[in-house]
Amino acid sequence: MLKKPRWIGTLTGALLLTATLASGAVLAETVKIGFHAPLTGPAAVDGNSALQGAKLAVADANAKGGINAKEVELVVYDDQASPKEAVPIATKLIEKDQVVAAVSGSYSGATRAAAGLFQAARIPYISAYAVHPEITQAGDYVFRTATGGEQLGAAGAQLIGEKLGKKKVVLITLQNDFGQSMAAGFKLVAARYGIDIVNEYQYGIKDRQFGPIVSKVKADQPEAIYASGYFFTAGPLISQLRAGGVEAPVIGQEGYDSEKFMEIAGKAAEGVIITTSLDRDSDKAVTRDFIANFQKQAGFKADMVAASAYSALSVMITAMRQAGADAADRPAIRDAIAKGSFETPIGQLTFSEQREVRKDIQVQVVKDGDFHRHSVLPAAELPSLAAQQ
């Protein structure tokens, strides 16, 4: 028997009323967009950051007249990053809440589980930051505003081999959809950049003690380490690598992209490089405004998860506006996403025929306890995986 999903609420209260009154618009009707994220459990920091980003996107939209003079109503559920929770949530959003569109602010497992249900119902669905390749394979109503896991891994290999000039590499891989998809992409193109993968070590999402891995990596003497993980695993891992005398540069990914990573890793975080979506040093107004407004609203600094959720909601809302007076025209919304070009805090976004995003990858480095620009991997120059697959 499916577990009853945990309902969080709808975002229509004082925040949106204030924004609507300030804009002078009277939004008599509502358009429902579903949103699910891990608001409790070990991934709650990411989930709540994603929710804050989604709320800000909805408030900004309603302050500008909503969707064709209809107020955007965000229907929110807590999926605990669990596929078992995501299935009944998707079902409820579709059947009971009758949402017109939906956005995932969750991890790959939960997003994969929900994607097929939204596809079957022909409801446009965007994955904000989940990376597993099978998500968009659910069908033509499913899109992703995050760089896919295999492509992100391939970009990591390009960064290490071509940009940093490191050839002898150890992989430390988280054993879940997130980590394994990136490791797969890295391996596909490693030889292209002259990279020798001397070893790969795997760990589980509940692991926090990495002594055996640290000892083995130290003996390997790599020039660089490509280590997947989330802030709550990467923090202890990096701290223990440095305490164990491993000095090789560590290249992580957007799972590290949280203030919590620096809090957990402490001084060991200095110099860690990550591939991600949010450029804290951007000179683009849309990014600068998002960073400032997010911190004012949420009370903490914006991270990749927040920026990605904001961007995914912005893409969906823009497409719904472009779909015409009938904001519930789902095929028109799908077509508007597929054919559109969207300016967002994570860059200018367009989509491939496979509904995968085309965007630059931001490379950030930890300096003085915060993320700053290291470099950019332009979308046009990212490695192709087609020849290897």
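Gln364 touches a long list of residues beyond its close sequence neighbours, including Val272, Ile273, Ile274, Phe371 and His374. Keep in mind as you look around that this is a predicted model. From Gln364, which sits in strand β15, this briefing moves to an open sheet of three strands, then to helix α11, which packs on that sheet, and to the largest pocket, lined by 24 residues.

**Gln364 and its surroundings**
- You will find Gln364 in strand β15, which covers residues 361–367.
- With a relative accessible area of 0%, Gln364 counts as buried, because the cut-off for that word is under 20%.
- The side chain of Gln364 reaches the backbone nitrogen of Arg280 at 3.5 Å.
- Arg280 is also among the residues that Gln364 touches, and so are Thr276, Leu278, Asp279, His372 and Arg373.

**A sheet of three strands**
- Strands β12, β13 and β14 make up an open sheet, in the order β12-β13-β14, with antiparallel pairing.
- At the edges are β12 (342–344) and β14 (357–358), each of which pairs on one side only.
- Helix α11 (residues 304–322) packs on this sheet and touches both β12 and β13.
- The direction of α11 makes about 150 degrees with that of β12.
- Between β12 and β13 (residues 347–351) there are three bridges, and these two strands run antiparallel.
- To see how the strands match up, look at Thr344, whose bridge partner in β13 is Gly347.
- In general, the strands of a sheet pair through backbone hydrogen bonds, in either a parallel or an antiparallel way.

**Ala309 in helix α11**
- Helix α11 is home to Ala309.
- Is Ala309 buried or exposed? Ala309 is buried, because its relative accessibility of 0% falls under the 20% cut-off.
- Away from its close neighbours in sequence, Ala309 touches Phe35, Ala50, Ala54 and Ala128.
- Ala309 and Tyr129 lie 180 residues apart in sequence, yet their C-alpha atoms are 7.4 Å apart in space.

**The largest pocket**
- The largest pocket holds about 690 Å³ of space.
- Of its 24 lining residues, Gln151, Ser352, Glu356, Val357 and Leu385 lie nearest the centre.
- Which element gives the most to the lining of this pocket? Helix α5 does, with three residues.
- Both α5 (149–163) and strand β14 supply at least two residues each to the lining.
- Strand β14 therefore appears twice in this tour: as an edge strand of the sheet and as part of the pocket lining, under the rule that a strand is a DSSP run of at least two residues.

Conventions. Residues numbered from 1 in each chain as written. Predicted model: local features only at pLDDT ≥ 70, side-chain atom pairs only at ≥ 80, totals over all residues. Heavy atoms only, no water. Pairing = 2+ DSSP bridges. Helix = DSSP H or I, 4+ residues; strand = E, 2+ residues; numbered from the N terminus. Contact = heavy atoms within 4.5 Å. Axes fitted to C-alpha atoms, helices over the stretch in contact; angles between N-to-C directions. Buried < 20%, exposed > 50% of the residue type's maximum accessible area, 1.4 Å probe, protein only. Polar contact = N/O pair within 3.5 Å; in protein donor to acceptor, adjacent residues only side chain to side chain. 1 Å grid on protein atoms, 1.4 Å probe; cavity = no way out; pocket = protein on both sides within 12 Å on 5 of 7 lines; lining within 4 Å. Points joined across faces, edges and corners; volume = space filled by probe spheres on them. Lists of a residue's contacts leave out its neighbours within four places in sequence.
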